[in-house]
Amino acid sequence: MNQDQLKQAVARAAIEYITPKLQADSILGVGTGSTANFFIDMLGELKHDFAGAVASSDSSAQRLKALGIEVLDLNSAGELVAYVDGADEANAQLSLIKGGGAALTREKIVAAVAREFVCIADQSKWVDVLGEYPLPVEVIPMARSYVSRELVKLGGSPIYREGVITDNGNVIIDVHQLTILEPKKLETEINQLTGVVASGLFAHRGADVLLLGTTEGVKTIRPV
Ligand code: 5RP
């Protein structure tokens, strides 16, 4: 199986996982990225079984709307039955690195509101230690240089993601060369830097379940 086939397999597994949880008034959180896109496309099959979705990006919102799924503003949605999204890295605690698609802040907000965070990923995302994938940090534009200097003090090598403006009008710094042994601690430290909107480290609110696509099939992994 190639990577896209593994992504399709976990998207299908997520559809099967959430179907029994959906009721007519349920609102679902939906993420961003190529794995999430496979999930969105399959979600069209269930569109009469739930009330609507909150999307973590404008692009996912458009994709949902194109399938006839109602997209709601989070402020009028109340609790979300679940949030389904991909990841760039996941460890055994189901702490994640996310934000490869620059949607990390909205992803973090939607995950916070969801009863259950269902992460979907192919086996290439599974790691012992987070940090090989550069950690995205969303920053207020005028704070970019200051935050970069502070990220160096935390042991990283920050690189400005040129030409990318987030849905919130901010910029992304990708932090290379991190070996993240204490994800919650680092998440807190980065959050405390003035000018940081959010980091792509999902440790305080990691995933509740990971559907991991492997060549032996989809594994359902809970945090250790
Ligand atoms: C977007 C994300 C994605 O979930 C992450 O980048 C994984 O993407 P893909 O499913 O395309 O591998 O965090 O901001």
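1. A polar contact is taken here as a pair of N or O atoms within 3.5 Å, where, within protein, one atom must be able to donate a hydrogen and the other to accept it. In this predicted model, the side chain of Ser 199 makes such a contact with the backbone nitrogen of Leu 201, at 3.1 Å.

2. Ser 199 belongs to strand S10, which covers residues 196–199. Its relative accessible area is 0%, and Ser 199 is therefore buried, given that the term applies under 20%. Leaving aside residues up to four places away in sequence, Ser 199 touches Leu 104, Lys 108, Pro 136, Val 137, Glu 187, Ile 190 and Asn 191. Of these partners, Leu 104 and Lys 108 fall within the range of helix H4 (104–113), while Pro 136 and Val 137 fall within that of strand S7 (135–139).

3. The surroundings of the ligand deserve a careful look, since 17 residues surround it, the closest being Ser 34, Thr 35, Asp 88, Gly 99 and Lys 125. For Ser 34, a polar side-chain atom lies 2.5 Å from an oxygen atom of the ligand, and for Thr 35 a polar side-chain atom likewise lies 2.5 Å from an oxygen atom of the ligand. The backbone also takes part, in that a polar backbone atom of Gly 101 is 3.1 Å from an oxygen atom of the ligand.

4. Lys 125, one of the closest residues to the ligand, is placed in the loop between S6 and strand S7 (135–139). With a relative accessible area of 13%, Lys 125 counts as buried, because the limit is set at under 20%. Its contacts, not counting residues up to four places away in sequence, are with Gln 3, Ala 87, Asp 88, Glu 89 and Ala 90; Asp 88 is itself listed among the residues closest to the ligand.

5. The largest pocket has a volume of about 210 Å³. Its lining consists of 16 residues, and those nearest its centre are Thr 32, Gly 33, Ser 34, Ala 87 and Asp 88; Ser 34 and Asp 88 also appear among the residues closest to the ligand. Divided by class, the lining holds two nonpolar, eight polar and six charged residues.

6. Which helix gives the most to the lining of the largest pocket? Helix H2 (residues 34–43) does so, with three residues. H2 is also mostly covered, seven of its 10 residues being buried, namely Thr 35, Ala 36, Phe 38, Phe 39, Ile 40, Met 42 and Leu 43. These buried residues pack against two helices, H1 (3–18) and H3 (58–66), and against the strands S1 (27–30), S3 (82–85) and S6 (117–122). Thr 35 thus combines burial within H2 with a side-chain polar atom 2.5 Å from a ligand oxygen.

7. Two backbone angles should be checked, because most residues other than glycine have a negative phi. Leu 94 has a phi near 60°, a positive value, and sits in the loop between strand S4 (89–90) and strand S5 (96–97); its relative accessibility is 0%, so Leu 94 counts as buried. Ala 102, which is not a glycine, has a positive phi of about 70° and is found in the loop between S5 and helix H4 (104–113). At 12% relative accessibility, Ala 102 also counts as buried.

Conventions: Residues are numbered from 1 along each chain as its sequence is written. This is a predicted model: local features need pLDDT of at least 70, side-chain atom pairs count only at pLDDT 80 or more; totals for chains, interfaces and linings use all residues. Side-chain values use heavy atoms; hydrogens and water are left out. On a 1 Å grid over the protein atoms alone, a cavity is a set of points where a 1.4 Å probe fits but cannot get out, and a pocket is an open set with protein on both sides within 12 Å along at least five of seven lines; lining residues have an atom within 4 Å of a point. Grid points are joined across faces, edges and corners, and a volume is the space filled by probe spheres set on the points. Helices (H or I, at least four residues) and strands (E, at least two) are DSSP runs, numbered from the N terminus. Ala, Val, Leu, Ile, Met, Phe, Trp, Tyr, Cys and Pro count as nonpolar, Asp, Glu, Lys and Arg as charged, and the others, Gly among them, as polar. Buried means under 20% relative accessible area, exposed over 50%, partly exposed in between (1.4 Å probe, protein chains only). Contact means heavy atoms within 4.5 Å. A residue is near a molecule or strand if one of its heavy atoms lies within 4 Å of it.
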